[in-house]
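Please read the report below alongside the sequence and the model. It goes from single residues to the whole chain and back.

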Amino acid sequence: MSETPAERLRAIALRWMEEGWQKGNAAIVDELHAEDFVDHDSAGRAGDREGFKEGIRALYAAFPDFYATTEGIVIDVTTGSVAVRWSATGTQQGMFMGVPPTGKRFTFVGIEIIRIEDDHIVERWGQWDGGLPG
């Protein structure tokens, strides 16, 4: 039995979350993101695949124990969009977004919206709150 379009979008989004945000595997970007991928919320990094990989590496360098949990998924098959609501925890051991290491454990919450075409993520929008001092 083959996957429905919604099941396929869900599987891609879950794999993206598991590999990138639970394991810190930046190499998943080359596999799941289209070559012309655009990150609309790149936090000052390049808004392309390389910038996104840099973001994963920087996150895990600062929070080596970072772990995200997928809290909910909403799928729009018509547009190929998937919204992922997530939470995460991590202990800040390195510099992150200009904030020196604190040694504190943080809880993060956020939402990612990815648009998928031909089984590749072509766009991403994301917002999160980690309660970091700033």
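Where is the place of Ser81? Ser81 sits in strand 3. Helices and strands here are DSSP runs, numbered from the N terminus (H or I of at least four residues for helices, E of at least two for strands). This is a predicted model, in which local features need pLDDT of at least 70 and side-chain atom pairs count only at pLDDT 80 or more, while totals for chains, interfaces and linings use all residues. Residues are numbered from 1 along each chain as its sequence is written, and side-chain values use heavy atoms, with hydrogens and water left out.

**Ser81 and Thr69**

Ser81 counts as buried because its relative accessibility is 17%. The classes are buried (under 20% relative accessible area), exposed (over 50%) and partly exposed in between, with a 1.4 Å probe and protein chains only. The side chains of Ser81 and Thr79 share a polar contact of 2.9 Å. A polar contact is a pair of N or O atoms within 3.5 Å; within protein, one must be able to donate a hydrogen and the other to accept it, and residues adjacent in sequence count only if both atoms are side-chain atoms. Beyond four places in sequence, Ser81 is in contact with Val74, Ile75, Asp76, Ile114 and Arg115. Contact means heavy atoms within 4.5 Å.

Thr69 belongs to strand 2 (residues 67-76). Its relative accessible area is 35%, so Thr69 is partly exposed. Not counting residues up to four places away in sequence, Thr69 touches Gln22, Arg85, Trp86 and Ser87. Thr69 and Glu18 are 51 residues apart along the chain, yet their C-alpha atoms are separated by 8.5 Å.

**The chain as a whole**

The protein chain holds three helices and five strands. From the N terminus on, they run α-α-β-α-β-β-β-β. The radius of gyration is 15 Å, close to the 14 Å that the globule rule gives for 134 residues, so the chain is as compact as a globular protein of that length. That radius is taken over C-alpha atoms, and the rule is 2.2 Å times the number of residues to the power 0.38. Along its principal axes, the C-alpha trace spans about 50 × 30 × 20 Å.

Of the 134 residues, 41% count as buried. Among contacts with a separation of 6 or more, 53% come from residues 24 or more positions apart.

**Three loop residues**

The table places three loop residues.

| Residue | Loop between | Relative accessibility |
|---|---|---|
| Ala43 | strand 1 (33-39) and helix 3 (49-62) | 53%, exposed |
| Gln92 | strand 3 (81-91) and strand 4 (105-117) | 0%, buried |
| Asp118 | strand 4 and strand 5 (120-129) | 72%, exposed |

What does the side chain of Gln92 reach at 3.2 Å? The partner is the backbone oxygen of Gly94. The Gln92 side chain also makes a polar contact with the side chain of Thr102, at 3.1 Å. Gln92 counts as buried because its relative accessibility is 0%.

Backbone angles single out the other two. Ala43 has a positive phi of about 55° although it is not a glycine. Asp118 is not a glycine either, and its phi is positive at about 50°.
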